[in-house]
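Visitor: Hi, could you walk me through this one? I'd like to hear about rings and a few individual residues.

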Amino acid sequence: MKISFSASVYEHAAYVINKTPWEVSRNGELMYQAHSAAYELYRHIPIIVGIDIYNIEAEAYGGEVKPPDGIGIPAISVPLFHRIEDALNIKFFNPKTDGRIQMIIQCGRRLKKRFPDAKVCIPVSGPFSIATSLRGGSELLLDIIREPDKVREFLYLLAEGQMRFCEEILDAGLDIALFESA
């Protein structure tokens with residue numbers, strides 16, 4: 001029996017080029033070098049372009065990713081929205097201009113050009129993961145109990161925004177890797 005297994009290299013790619021995840025997450029050239037070196041070392045499939053993959057969309061919406069200590073993983077530690085009502089006024093991010101999205105897509109294009117036989121994917125978070133980053137995990141769970149209709153509306157808004165992001169990825173000739181971890 002063959003077991004399907006796809007290894008993913010995110011923050012470890014930074015280690016491969018002796019950089020911190022923070023350094024690589026903020027620099028398109030370092031991200032390209034890190035994922036290129038990791039692919040040459042491991043030949044893993046697919047190449048998923050990114051470091052702190054669960055921050056990408058939340059940061060494009062306005063969440064603040066703070067630098068971690070040492071080799072820690074960058075993360076959003078303070079929710080953007082303090083009330084679920086505020087989250088319902090969210091404005092869709094523009095995948096062409098907001099956050100680090102274009103940097104990651106451009107890195108993906110370069111990797112696909114360098115390794116044409118490799119599957120190169122851009123990570124796309126599910127709406128619940130994004131909502132958790134933007135609202136806070138405990139707060140979102142309490143919202144689900146207290147105001148489920150508003151949470152549902154928020155999740156639908158985030159899903160609609162993700163469709164725009166996915167279209168941008170496909171237009172770039174890259175594949176999508178959907179993640180929902182929250």
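**Rings and neighbours**

Guide: Happy to. Let's begin with Arg-100, which counts as buried at 7% relative accessibility. Keep in mind that this is a predicted model.

Visitor: Where does Arg-100 sit along the chain?

Guide: Arg-100 is in the loop between helix 5 and helix 6 (101-114).

Visitor: And what does the side chain of Arg-100 reach?

Guide: The backbone oxygen of Ser-25, at 3.0 Å from the Arg-100 side chain. Setting aside neighbours within four places in sequence, Arg-100 is also in contact with other residues, among them Arg-26, Asp-52, Asn-55, Ile-56, Glu-59 and Val-65.

Visitor: OK, on to rings. How many aromatic pairs are there?

Guide: Searching the whole structure gives six aromatic pairs. One of them joins Tyr-54 and Phe-179 edge-to-face, with 6.1 Å centre to centre and 80° between the planes. That pair bridges distant parts of the chain, 125 residues apart: Tyr-54 is in the loop between strand 1 (47-48) and helix 4 (56-60), and Phe-179 is in strand 5 (residues 175-179).

Visitor: Are Tyr-54 and Phe-179 buried or exposed?

Guide: Tyr-54 counts as partly exposed, at 31% relative accessibility. Phe-179 has a relative accessible area of 15%, so it is buried.

Visitor: Which other pair should I look at?

Guide: Try Phe-81 and Phe-154, also an edge-to-face pair, at 6.2 Å centre to centre and 85° between the planes. Phe-81 lies in the loop between strand 3 (75-76) and helix 5 (84-87), while Phe-154 belongs to helix 9 (residues 148-171), 73 residues apart. Phe-81 is buried with a relative accessible area of 12%, and Phe-154 is buried with 0%.

Visitor: Which residues do ring pairs link into a cluster?

Guide: Tyr-10, Tyr-54 and Phe-179 are linked that way.

Visitor: What lies over the face of Tyr-32?

Guide: Arg-110 does, at 3.7 Å from the ring centre.

Visitor: Switching topic: what about Ile-48?

Guide: Ile-48 lies in strand 1 and is buried, with a relative accessible area of 4%.

Visitor: Which residues does Ile-48 touch?

Guide: Not counting residues up to four places away in sequence, Ile-48 touches Ser-8, Val-9, Tyr-10, His-35, Cys-121, Pro-123, Ala-177 and Phe-179. Two of those names, Tyr-10 and Phe-179, came up in the ring cluster.

Visitor: How far apart are Ile-48 and Ala-177?

Guide: In sequence, Ile-48 and Ala-177 are 129 residues apart, and in space 7.3 Å, C-alpha to C-alpha.

Terms used
Residues numbered from 1 in each chain as written. Predicted model: local features only at pLDDT ≥ 70, side-chain atom pairs only at ≥ 80, totals over all residues. Heavy atoms only, no water. Phe/Tyr/Trp six-rings, centres within 6.5 Å; stacked < 30°, edge-to-face > 60°. Helix = DSSP H or I, 4+ residues; strand = E, 2+ residues; numbered from the N terminus. Buried < 20%, exposed > 50% of the residue type's maximum accessible area, 1.4 Å probe, protein only. Lys NZ or Arg CZ within 6 Å of the ring centre and 35° of its normal. Contact = heavy atoms within 4.5 Å. Polar contact = N/O pair within 3.5 Å; in protein donor to acceptor, adjacent residues only side chain to side chain.
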